[in-house]
Structures are given as C-alpha cells and as structure tokens.
Amino acid sequence: MQTPSVKRSKRIVAAAVAVAAGIALAACSGGGGGGSSSGDLTATGPIDLWYSNNPAELEWGKQMVEAWNSANPDQKITAQEIPAGKSSEEVIGAAITAGNAPCLVLNTAPSAVGQFEKQGGLVNLSDFDDGASYIEERSGDLAKQYQNADGDYYQFPWKSNPVVIFYNKDLFAKAGLDPENPKLSTYDDFLVTSKTLVDSGVAPYAIQPAPTSEFFQMQFDFMPLYAAATGGTPLIEDGKATFADDAGDEVAQFWRDMYDQKLAGQEQYQGDAFADGQAAMAIVGPWAISVYDGVNFGSVPVPTPEATDPKDVWTFSDAKNIGLFSACKNKGTAWDVLKFATSQEQDGKFLETTGQMPLRQDLPTVYADYFAANPDYQAFGDQASRTVEVPGGPNTVQIMQAFRDAWGKSVIFGEGDVKQSLQDAADKIDQLASQP
Amino acid sequence: MTSAVDSPGAPAPARAGAPGPGSTAPASGPRAKRRLSHRIFGRQPLGLLFSSPYLVFVIAVFAFPIVYSVWISFHDFFFAAPGANPERPFVGLDNYINAFSNPAVIRSFGNVGIFLLINVPLTVVLSLLLASALNKVVHARTFLRVSFYVPYVTASVAVVAVWLFLFNGNGLVNTVLGPLAPDPSWLINENLAMPVIAIYVTWKQLGFYILLYLAALQNVPKELYESAATDGAGRIRQFFSVTVPGVRPATLLVLLVSTVTGANLFTEPYLLTGGGGPNGASASPVLLMYQLGIQQGQPDVASAIGVVLVIGVLIVAFIQNRLVGERD
C-alpha cells in the first residue's frame, strides 16, 4: 500500500511530466521553416554583419565597414567576428533557429547553404530586381554552380581558394629533387617523387591531407583531383553521382597507393604538418601563402592521370560565400552593403589584403597590376576560373559524409575494393540526392 | 462521517489520504477545501514553494528536452527559422527504422558497449582500491588526493593533447615499446582505438569516483574492522568482508554515474580518434547524434537514437540497481 506522501510525490512527478509535455507540444506547434522568407526587400536602416576571424579578412572587413559607415551614417553596419563554435556553419544554423542570425555572414560555406535554405534562414537573392544579373555579371559562368535546383541564388558567390599542391623547396632539394621543376604533374610522377622524399628521410610523409572522418575533408583529397582528371565534372550531375567512373577509380587508387606505401599519413597530425616539416607537400589554397611565410615553398596544380597543361587543370574551389539572412529587418540595406563589399574596388582591396580570389570573371585582367606585382598569386588568379563546387541542395552534408565514410574505409585504411566502395557510395548518394 | 474530530495537529495520513472504508458523507465546506488543498499540495505547501525553483529547473533542463526529443523522434522534423511554417507530419517509427537500418548506428552502440565493459568495471575496481589505499595513507594525503582529482577537473581538450602525444604513431608509448608497438598504431587500430579511449576516460574520471569512495569509507564503522581482526580476518579478508559491503551504496552510485557518463561519450572519440575513427571503430551514439542532428540536419533521426540510448541506459541502470543495490 502506498503512503500518502508517496502518492503525492507521484502526483507531483506526473504533473511535472505533464507540464513538460505541454510545453514541448506547444513548442512543437510553433516555429517553423522551409522556403524563403524574403519579406520586404527594400527596407533600409542599420544592419549587423558577421565576418571570419581570419586576421587578413578581419583587416579587410573592418576597412570595408568603416568605408560604408562613413558614407551611410543612417544605415550603419555593426560588425563582429562569427561567434566561436565547433564550426561557423553550426553557429549560423543555431542562429537561424533562434531567429537572431545577422543580416549578412561573409563566411558562408556552400555545403551548408542548402540546409540554411531549407530552414527558411536565407533570403533568395534572385528576388532582388538586380539580384541574379549582378551576380552573373560579376562571376560569369562560375555563378551557375551556386544556384539551387530552381535556378535561384540563396548565396552570393564571393571568393575562392583554388586548391593546389604546395611543396617545400628546401626539402625537395635535400632529397635530391629539382625544387624549381618538381615532377608532380601525373599520378605516376607524384608517387615516384613522394617515395624519393620519404625514402630520403627529409620528412616522415610526402603529403598529409587530414585522414579524419569529417565530411568536408573530401574537399582536400578527392575533389581537387577528380575535378582535374575530368576537366571540371561536379560530383553530382542531373541528380546522379558521377564519381564512380574510371577517373574516380583512378583518383581513389592513387590515394590508396599513397596510403599503402606510407607516403601519406593515416593518422591525424596535431598541428600543420607542412609548416612543421612533417610533410614535404600540402594540398591547400592561396590563403595559406601568408600562413607559410617561414617556409620556402612553390606551388603546382594538382596531379592528373596524364600530363595536362596547367592552364587546363581544374580543381576544387574552397569557396566561401555571403548569405543574406531572413531574420534581417533592413534587407534593402543588406543588399546594398553586399554589392558594396563585392564591388570592383572592394574586391581589389580584398585580393590585396587576403590573397584570396574574388569569384569574379576575368580576375587576372581586372587586377592585372596586382598579379604583376605578386607573381606568386598569378597561378591562383588563373586557376580561379576553373574550379568546381560541392553539390548543392539540403542533403549536401549527408552526401559528403557518405562519400567520406566509404573513402576512409577503402582508401585511407585499405579495406575492401576501392572501385566497389565508390560504387556503393554512389548508389547511396543517388538516393540522398533525390530526397527533398 | 469522516474522522472530522481530528485536531489540527493530527497525523497527516489521516487527513491527506483518501477516506477510509467507513467514510460515508461527502465532505463540504472549508474542511473539504482544506482536505483538497492538502491532497494537492501536502501538509506543508510552503515546502512545495521552496522546492519549486528546482522543480522548474528539472522541467526546463531535463524533462522538457526529453519529452520534446521523444516528440521529435516520431515526426518529420528539422530546425527552422521562426516564422517559417514547415509541415512536421507524424511518421511513426520511420526515424527509428531509418536510424537503425544504418550499420554505423548499430556499430556505435556496439562500440559504446565495449567501452562500458572496459570502463565501468575498471572504474569501480580502481577507484575502490585507490580510495582504500588513500584512506590509510598518513603522509602527503592531500597531495595524493589532489593528484588524482586534477585530471578530472582539467578540460578534456587539453588532456587529449597529452594522450595524443603518448599514443600516436611516433608517440612516447610506441617509442618505449619499439618493435612491440602495434601496427597500425593505437588510435588508428580498429581493435585498440576504443579500449584506449576507455582507459583514457577511466583515468580522467578516476579522481571523482575516488572522492565518492573516500566519503563512503568514512561511514564504515571501525568496530567492524576490529571485530573482523579479532575473528582472524587478514587485510584482504577485511577488504572483501567489511569494506566492499560497507561501501555498497557508493558502488551503486559509481556504477550508475559511470554508466550514464560513459553512454554519453562524445569528446574523446571526437578529438582523440578524429571523429570516431578508424572506420567508425570508436564512433559513439552521441557522436553520431551530433553528426546527424547538427551537421546533417536530421534532428529527428538523431532524436530516435537518443531515445533508444536513454532506454538502454535505463535498462542497464535497472539491472545494476537490482544486482548491487540494497535489497532491504
């Protein structure tokens, strides 16, 4: 028999659960998302903006905000670095759900845009009168990669970091290799050069792309080489995975050979293996030029199955774009700021300050003086016009994770058949790509 | 008639409880109201007032998220901006089927099972042994206690760096082992990654459990040890016949807490093995919940995993309570 106090306790617990359930269900009935919530696109007034915490980008961002604010005192920008979190995308996603996303984020990863759009967090830039035309005039054909399935722009193509191979000239020389003309253009050459580097003992590994399971790591091993091998084929075309073909198999087999022969490390390196001399090469974009200030390095395009003219080599873009978020009250001002920040003048300042490539067509000719004065960046300026982006849509991260899981197993850790593994991943990705 | 002649100071059960078999007339008037209020709020309504902040805390921080996540797990749900109104239809068990048809999810539950099998017994045995030893130490007692506690209060991110330095391919452990070092190395070896994590977590949490046992040891009467010694029991016999039964409530607590925290394993595979590697050999359910729910925008599937995990932990805790808990 239960005592009255036990009964009372049970009643209190039951009441607490009921209250919690009530609150939960009430919460469930509210909220929402999905689709665009563009609202009034002409409202003007103060806006807030987040930019990356990269020091060079911060320097450019602060001058841009200052320039805008001094010319537009009634439409001031309040800017800050993206709040700390595991990743910028998670912080932005949380802000969208909470309804406190800023008007503009100048560091929006294309892989996250599909989800943000599904959440109802982004404004369709094509809804602005000059939205699509401004984007396409600035970026040319490259802009189309950033459209959603309906041909709309929910992201502003801003800047890219075309991925190439950096190599340490001093380590190459120590290993008896020609540091000015390294043999890295084909898979065979790359393997032979890598073996020479490791066998000579100048570095534990020839190259060390992150072997971890994060979805985005495929952008720095498979994607650049697949883009180069196929002349710019995206991972998904017409809703179907493309990579389970001969070119994809060859790329995967190349990397598997690198791991099998211990020329690339299977274990995560704590720090920057290239900067620390633990790897003689790195696969990165121009953002790294200022980071590797203390390293005597050169750069070449990523390898291809057969020798290819560098002017024809494609790669992964490693782009970051600008999102205009639906929580913004003064969307008219936000759009004007976006255009101001991506004007020819500000793009030039961005290029000078950060060394990253504005996603602007004819970059080498528009900023010819800059590239003449900075020949290290010339190749990147040229490469910027031949870049491939991650697939769009709300399931991009799922798609990339499915690929990464297969890649980790068969390529990095050498389990099972590489070809079959890519085919299995492609089958799974076909399903994911067809899901809303 | 009810026992209406009770004085105001009469025992609470007579008034707060339901009327007995002899009850006849329905209560009415102020007395009935008082009885109703007693039935709802108890004899001391002020007590409820005092405990209400904690009740609110429990509802807001524990009950609400649990109920909400159960609701999410039965609906087609994704996080959305305020003002947008997506449809969130009831999908029955679809999210559960989706989650558990994914081999990675099944494997993660197996991984955490391996983790618990290593971590929980090791935690109980080591912390009890070390607490018993520390209880007898006279010199440098505080220093030793603090030494064991320091890893517990140190941020995992910082301590993980030390373990990476120890256990990576070119790390100290492999250097010492030389040709005996495993290949592939510890953290990229499918058979060793999870055991290394389990040992790491055991080491890191040990200080907290030692403190629990030290507190429990203070309540074991000295007379019991004296009686056992009089009866001829040696140190080992005393340990098993006096200490172990004497700290049984603490053992149950250690079992429950280490199981619950172990089932929530996230930081260590996230940092130590590069996101649950190699090949998902150290991925935990919570790590997958993070990947699915936060990174991949499938909080509904992640919630289904979470609900099953909670049920699993409750079952394990129930069994532990039955096996180790006091039966009197």
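Which residue of β12(A) does A:Thr108 stand opposite? I looked this up before anything else, and the partner is A:Asn321.

**Ground rules**

I am working with a predicted model, in which local features need pLDDT of at least 70, side-chain atom pairs count only at pLDDT 80 or more, and totals for chains, interfaces and linings use all residues. Residues are numbered from 1 along each chain as its sequence is written, while chains are lettered from A and ligands numbered from 1 in the order in which they are written.

**Entry 1: strand β3 of chain A**

I stayed with β3(A), residues 104–108. My helices (H or I, at least four residues) and strands (E, at least two) are DSSP runs, numbered from the N terminus. I call two strands paired if DSSP finds at least two bridges between them.

On one pairing I found strand β1 (residues 47–51) of chain A, parallel to β3(A) over three bridges. There A:Trp50 stands opposite A:Val105. The other partner I noted is strand β12 (residues 320–324) of chain A, which runs antiparallel to β3(A) and is joined to it by three bridges. As a reminder to myself, strands of a sheet pair through backbone hydrogen bonds, either parallel or antiparallel.

Next I checked burial. A residue is buried if 20 or more other C-beta atoms lie within 10 Å of its own, exposed if 12 or fewer, and partly exposed in between, with C-beta atoms placed from the backbone. Five of the five residues of β3(A) are buried, so the strand is largely enclosed by the rest of the structure.

**Entry 2: a four-strand sheet in chain A**

I then traced an open sheet of four strands with mixed pairing, in the order β6-β9-β5-β10 of chain A. Its edge strands are β6 (205–207) and β10 (297–300), each pairing on one side only. Neighbouring strands here are turned by 25 degrees against each other on average, direction ignored. For such angles, axes are lines fitted to C-alpha atoms, for helices over the stretch in contact, and angles run from 0 to 180 degrees between N-to-C directions.

I zoomed in on the β6 edge. β6(A) runs parallel to strand β9 (residues 279–284) of chain A, with two bridges between them. A:Ile207 has A:Met281 as its bridge partner in β9(A). Helix α7 (residues 187–200) of chain A packs on this sheet and touches β6 and β9, its direction making about 145 degrees with that of β6(A). Contact here means that the C-beta atoms of two residues, placed from the backbone, lie within 7 Å.

**Entry 3: loops and backbone oddities**

Is A:Ala84 buried or exposed? I find it exposed, with 8 other C-beta atoms within 10 Å. A:Ala84 sits in the loop between β2 (77–81) and α3 (88–98) of chain A. Its C-alpha atom is 9.3 Å from that of A:Asn53, 31 residues apart along the chain.

Before the backbone check I reminded myself that most residues other than glycine have a negative phi, and most peptide bonds are trans.

- A:Asp318 is not a glycine, yet has a positive phi of about 50 degrees. A:Asp318 lies in the loop between β11 (315–316) and β12 of chain A, and is buried, with 26 other C-beta atoms within 10 Å.
- B:Asn279 has a positive phi near 55 degrees. B:Asn279 counts as buried, with 20 C-beta neighbours inside 10 Å.
- B:Gly277 and B:Pro278 are joined by a cis peptide bond, omega about -5 degrees. B:Pro278 lies in the loop between α13 (267–272) and α14 (285–295) of chain B, and B:Asn279 is in the loop between α13 and α14 too.
- B:Asp183 and B:Pro184 share a cis peptide bond, omega about 0 degrees. B:Pro184 is in the loop between α8 (172–177) and α9 (193–217) of chain B.

**Entry 4: the two chains overall**

I counted 17 helices and 14 strands in chain A. Chain B has 15 helices and zero strands. The radius of gyration of chain B is 27 Å, well over the 20 Å that the globule rule gives for 328 residues, so chain B is more spread out than a compact globule. For chain A, 24 Å agrees with the value near 22 Å for a compact globule of 436 residues. The radius is taken over C-alpha atoms, and the rule is 2.2 Å times the number of residues to the power 0.38.

Buried residues make up 52% of chain A and 30% of chain B.
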